[in-house]
Amino acid sequence: MNVIFIEPQAPGAHVFSRVRLPRLGPVLLATILDRAGHQASVTLEEAHPIGWGALAAADLVGISTITSTAPRAYDIADRVRSFGVPVVLGGPHATFLPDEALQHATWVVRGEADSAILPLVEAVARKAGFKEVPGLSWRDGERVVHNPMAPVLEDLDVLPAPDLSLVEGGFGPVAFGASRTIPIQTSRGCPYDCAFCSVTGMFGRRYRFRSAARVVEELQSRDLVDAHVFFYDDNFTANPARTHMLLRAMIDARVTPSWSTQVHTDCARHDGLLALMRAAGCETVYVGFESINPQTLRLYDKAQTISGMERAIRAIHAAGIRVHGMFVFGSDADDEETIRRTGEWAEAQGIDTVQLLVLTPLPGTRVFDEMRSHGRLLTTDWSQYDTHHVVFRPARMTPYELQMATLRAQAAFYSPRQVLRSVLRRDRFTAFHRLYASHHNRAWQRTNAGFLQALKALDADSPRSPGASRYGEERARCQPE
């Protein structure tokens with residue numbers, strides 16, 4: 001069968017617009033089908049236009065959705081189905097809202113689709129057997145059926161390495177200082193369970209990983225000359241012993257390209273781990289600090305402290321690794337002063353680059369369930385659920401105040417003065433990224449002028465949210481320190 005997977009384009013510019021990497025789920029599914037003798041390809045719309053003629057000739061089209069790309073995914077699905085071609089939707093958004101997704105698709109695959117894709121394609125070919133496809137949501141006449149989920153795949157080594165050549169037209173622009181960026185995933189799941197994160201809902205808290213030998217084998221199979229590797233793991237160092245084993249294997253095999261990944265601040269607590277990461281080629285780590293407000297960390301169920309965050313920054317820098325800090329504003333303990341102080345703290349700690357994001361209640365998270373049940377969501381226009389737009393009523397600010405305080409903090413951190421300081425330090429990497437982020441911040445405000453005006457007008461109607469949720473119940477105890 002001829003199967004085409006699509007990853008829809010994001011609705012607007014975002015901090016990673018310049019580096020366009022495919023999410024590996026669709027590529028892996030295409031690889032599984034390709035190895036089984038089917039014709040399969042992936043279109044990353046962010047980097048390559050959709051070929052509508054090719055879609056009209058396909059036997060099945062699979063579309064992967066995160067929440068912010070769901071409206072675009074639905075538009076594509078509706079058009080493809082008008083050609084008479086069946087559509088299957090998957091990914092986090094479709095997993096958590098399958099009934100909504102089924103309004104636009106023939107089928108929905110919930111959760112990890114590794115064990116579902118071949119049975120589904122075979123069922124499509126036979127036009128029968130859909131009851132046996134694990135995790136499939138589908139219509140049986142007027143009745144919607146949600147098949148049981150498949151058991152969690154424990155041994156990731158049984159899966160092939162994603163064949164990146166199946167991505168039509170490549171990825172587009174690349175990371176600074178490299179001719180291209182290569183995405184590799186070595187694990188699934190995360191042992192932490194942050195209240196605003198949908199990772200554990202999608203992949204679980206049990207940390208599953210590929211063997212060091214298989215990861216090294218994939219690295220050796222890639223052309224790493226002038227390339228940068230991004231390890232897609234949600235928490236690359238969640239199992240320090242396993243991380244040590246992988247890094248040693250990379251060093252022993254002399255496969256040590258420049259690479260970056262996401263880590264928890266706990267990575268600094270394990271002797272020798274950061275030095276080993278640097279020896280294996282690590283250049284930058286992405287760290288979810290989330291907040292410098294202890295009460296916000298508690299509300300987010302973030303298992304870390306401010307002092308631990310500061311120790312981690314010092315240790316990471318001492319190992320010669322850059323720090324990209326990620327912060328999320330808008331908990332019921334946050335106010336405008338919290339946001340201003342966060343930007344100042346990040347600068348004082350010497351964090352190289354930051355993402356200053358607004359809390360986004362994504363379907364599949366506890367934050368979403370609580371805010372929806374207490375009437376705090378401003379919209380279900382999913383295209384605005386991108387961590388850049390305020391889509392809920394904060395407890396200690398108006399939506400407009402939260403939005404503008406975040407933009408001001410971004411402008412301060414990425415000011416021309418800070419860019420100049422990086423240039424004078426001859427830190428081309430940081431200077432480049434700060435200049436790019438400064439441009440992105442200004443462009444976002446121009447593009448979203450109407451949205452900002454709508455938020456401002458909303459202030460007059462309802463200046464404060466009652467905060468009637470778990471967050472609101474704790475608000476009285478959550479005064480900023």
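This report looks at aromatic rings and two unusual backbone angles in a predicted model.

## About the model

Local features need pLDDT of at least 70 and side-chain atom pairs count only at pLDDT 80 or more, while totals for chains, interfaces and linings use all residues. Residues are numbered from 1 along each chain as its sequence is written, and side-chain values use heavy atoms, leaving out hydrogens and water.

## Aromatic rings

Let's start with the rings: the structure holds 15 aromatic pairs (rings of Phe, Tyr and Trp, taking the six-membered ring of Trp, with centres within 6.5 Å; planes under 30 degrees apart are stacked, over 60 edge-to-face, the rest tilted). Among them, Phe-230 and Tyr-232 meet edge-to-face, at 5.3 Å centre to centre with 85° between the planes. Both Phe-230 and Tyr-232 are buried (under 20% relative accessible area; exposed is over 50%, partly exposed in between, with a 1.4 Å probe and protein chains only).

Phe-327 and Trp-345 also pair edge-to-face, at 6.1 Å and 80°. Phe-327 lies in strand S14 (residues 322-329) and Trp-345 in helix H13 (residues 336-348), so this pair ties together parts 18 residues apart in sequence (helices, H or I of at least four residues, and strands, E of at least two, are DSSP runs numbered from the N terminus). Phe-327 is buried at 0% relative accessible area, and Trp-345 is buried at 11%.

## Two positive phi angles

Asp-226 is not a glycine, yet has a positive phi of about 60°. Asp-226 sits in the loop between helix H8 (212-221) and strand S11 (227-231) and is exposed at 56%.

Asp-301, also not a glycine, has a positive phi of about 60°. Its loop joins helix H11 (294-299) and helix H12 (306-318), and Asp-301 is partly exposed at 31%.
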